[in-house]
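The following exercises concern charged side chains and their places in a protein model. Please study the structure before reading each solution.

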Amino acid sequence: MIFTLEPNEIRLLEHVGRCAAELGVPAYAVGGYVRDRLLGRPTKDIDIVCVGDGIQLANQVANGISPRPKVAVYSRFGTAMLHYENIEVEFVGARRESYQSDSRKPDVELGTLEDDQNRRDFTINAMAISLQEGSFGQIVDPFDGMKHLEERVIKTPLEPGKTFSDDPLRMMRAIRFATQLGFSIDPETFSGIKEYKNRINIISKERIATELEKILLSPKPSVGFNLLFDAGLLQIIMPEVAALQGVEDRQGRAHKDNFYHTLEVLDNVCKKSNNVWLRWAALLHDIGKPPTKKFDKEAGWTFHGHEWKGAIMVPPLFRNLRLPLDQKLEYVKKLVMMHLRPISLTREEVTDSAVRRLIFEAGEDLDDLMILCESDITTKNPKKMSRYLEGYEYLKERMSLVTEADRLRLWQPPITGEIIMKTFGLSPSKEVGVIKTAVREAILDGEIPNEMAEAFNRMVEEGRKLGLKPIA
Ligand code: ATP
Ligand code: MG
């Protein structure tokens with residue numbers, strides 16, 4: 001394996017090497033940077049480890065660059081950071097970590113390069129590139145990281161049990177890297193994850209969510225969620241999703257495995273959109289199924305109302321994982337709640353007003369909702385598949401035919417509460433709401449066109465029904 005570096009990276013690394021020599025401290029580029037360079041993945045940050053004072057080295061490096069970049073010092077961690085052109089460079093002194101069983105904060109002391117490599121999570125993340133004169137560019141690879149990169153395998157440098165119990169976040173990282181890179185996890189390493197899965201409880205929800213997001217943003221997130229499930233981690237961090245797994249058979253009638261269905265939907269969505277919140281919606285779209293599952297002698301398995309139940313389950317799940325509780329949550333909730341709506345409109349006898357209503361209610365999220373719905377078709381029967389897809393094509397055509405389609409997406413009814421209050425001389429009251437709703441419904445039902453003059457007349461008429469008269 002060879003690595004290719006940008007000219008400005010080489011300039012920088014040579015400069016760091018010279019500064020390190022001046023200070024008499026050996027320095028190395030390490031970790032994810034080395035891994036990504038060997039894999040030919042883009043990286044914007046370089047981690048430098050020196051056997052000595054990292055902050056001092058950072059200052060020395062900055063002194064030799066003009067204009068001198070600002071050095072951000074994090075003295076509590078003994079690290080320093082600076083920017084060189086578009087590269088973020090972080091400096092730290094080599095350290096040795098030892099964990100006590102009763103604390104997840106390691107004792108940290110200065111150490112050798114070897115100590116520093118020992119404390120890293122995976123063999124592919126534990127390589128270093130020498131910046132010393134004489135050995136510049138040579139790779140220091142004590143745990144066969146190169147070989148494992150070629151074999152595409154994630155493996156801990158030391159005994160897996162110790163690696164994972166010391167810092168259980170590494171279990172999430174192993175699965176995340178396997179998903180991002182398309183690597184497998186070494187069987188012993190995977191057994192270690194299974195064994196220590198319960199230790200994940202000591203890790204903050206924010207850090208878990210960060211790893212989940214990286215899995216979701218991978219090309220094929222199902223890889224990660226399958227691994228999380230097989231390891232037993234998903235059951236701990238997102239039991240609502242894990243509960244989708246399994247098939248129940250009664251009187252010879254079985255329902256599909258909703259977990260594997262969900263993962264197929266998720267992968268399908270990922271082929272069409274990079275929007276992480278749409279991906280969350282795909283992951284969660286059926287979480288209402290396990291709690292609404294019923295067996296009916298006639299109908300077989302049913303999941304009535306699972307879209308409503310699912311939407312209700314989204315906020316607590318977001319809160320638990322410390323995900324944002326703003327419009328992102330509302331968006332995911334809305335897609336979960338609406339995910340069955342388009343399919344019910346693919347039949348020919350559906351009225352224009354039903355189609356218009358969907359456009360109005362989905363609003364600016366209509367395209368995303370359609371992506372989710374089309375991705376929700378996971379039948380293995382090609383005939384059914386093309387029939388369902390045709391149904392959606394038909395619906396899309398109808399949507400574009402509903403003349404106001406584009407205006408409806410961002411539509412606000414022409415008659416506002418303000419107008420109503422002014423016309424009838426009302427203060428904010430129940431009547432205002434009643435009139436406003438009646439006018440909006442009349443437009444959505446196609447009884448009157450979406451135009452000011454007609455809407456105004458309708459408003460006056462609705463007011464009259466309530467015994468109100470326009471003031472002069
Ligand atoms: P990415 O930047 O894609 O998240 P990375 O491997 O570069 O991946 P960073 O968090 O940037 O991850 O960490 C840089 C390096 O620090 C890693 O490659 C690894 O050597 C080490 N490292 C990070 N987190 C841990 C951890 N929890 N346990 C042990 N080593 C770690
Ligand atoms: Mg990194």
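Helices are DSSP runs of H or I with at least four residues, numbered from the N terminus. The model is a predicted one.

**Exercise 1.** Determine in which helix Arg 207 is found, and to which patch Arg 207 belongs.

*Solution.* Step 1: Arg 207 is part of helix α9, which covers residues 205-216. Step 2: together with Arg 76, Arg 104 and Lys 105, Arg 207 forms a patch of positive charge on the surface. Step 3: the relative accessible area of Arg 207 is 41%. Partly exposed residues lie between the limits of 20% and 50%, so Arg 207 is partly exposed.

**Exercise 2.** Identify the elements that give two or more residues to the negative patch.

*Solution.* Step 1: the patch of negative charge on the surface consists of Asp 45, Asp 47, Glu 88 and Glu 90. Step 2: the elements sought are β2 (45-50) and β5 (87-93). Step 3: Glu 88 lies in strand β5 and is partly exposed, at 31% relative accessible area.

**Exercise 3.** Which parts does the salt bridge between Lys 293 and Glu 248 tie together?

*Solution.* Step 1: side chains of opposite charge can pair when their charged atoms come close. Step 2: in the salt bridge of Lys 293 and Glu 248, the N to O distance is 2.8 Å. Step 3: Lys 293 lies in the loop between α15 and β14, and Glu 248 in the loop between α12 and β12, so the pair ties together parts 45 residues apart in sequence. Step 4: Lys 293 is partly exposed at 28%, and Glu 248 is partly exposed at 30%.

Definitions and conventions:
Residues are numbered from 1 along each chain as its sequence is written. Chains are lettered from A and ligands numbered from 1 in the order in which they are written. This is a predicted model: local features need pLDDT of at least 70, side-chain atom pairs count only at pLDDT 80 or more; totals for chains, interfaces and linings use all residues. Side-chain values use heavy atoms; hydrogens and water are left out. Patches are made of residues with over 30% relative accessible area and no salt bridge: like charges are joined within 9 Å, nonpolar side chains (Val, Leu, Ile, Met, Phe, Trp, Tyr) within 5 Å. Accessible areas come from the Shrake-Rupley method with a 1.4 Å probe; for residues, only the protein chains shown count as cover. A salt bridge is a side-chain nitrogen of Lys or Arg within 4 Å of a carboxyl oxygen of Asp or Glu. Lys and Arg count as positive and Asp and Glu as negative; His and the chain ends are not counted. The place of a charge is taken as NZ of Lys, CZ of Arg, CG of Asp or CD of Glu. Buried means under 20% relative accessible area, exposed over 50%, partly exposed in between (1.4 Å probe, protein chains only).
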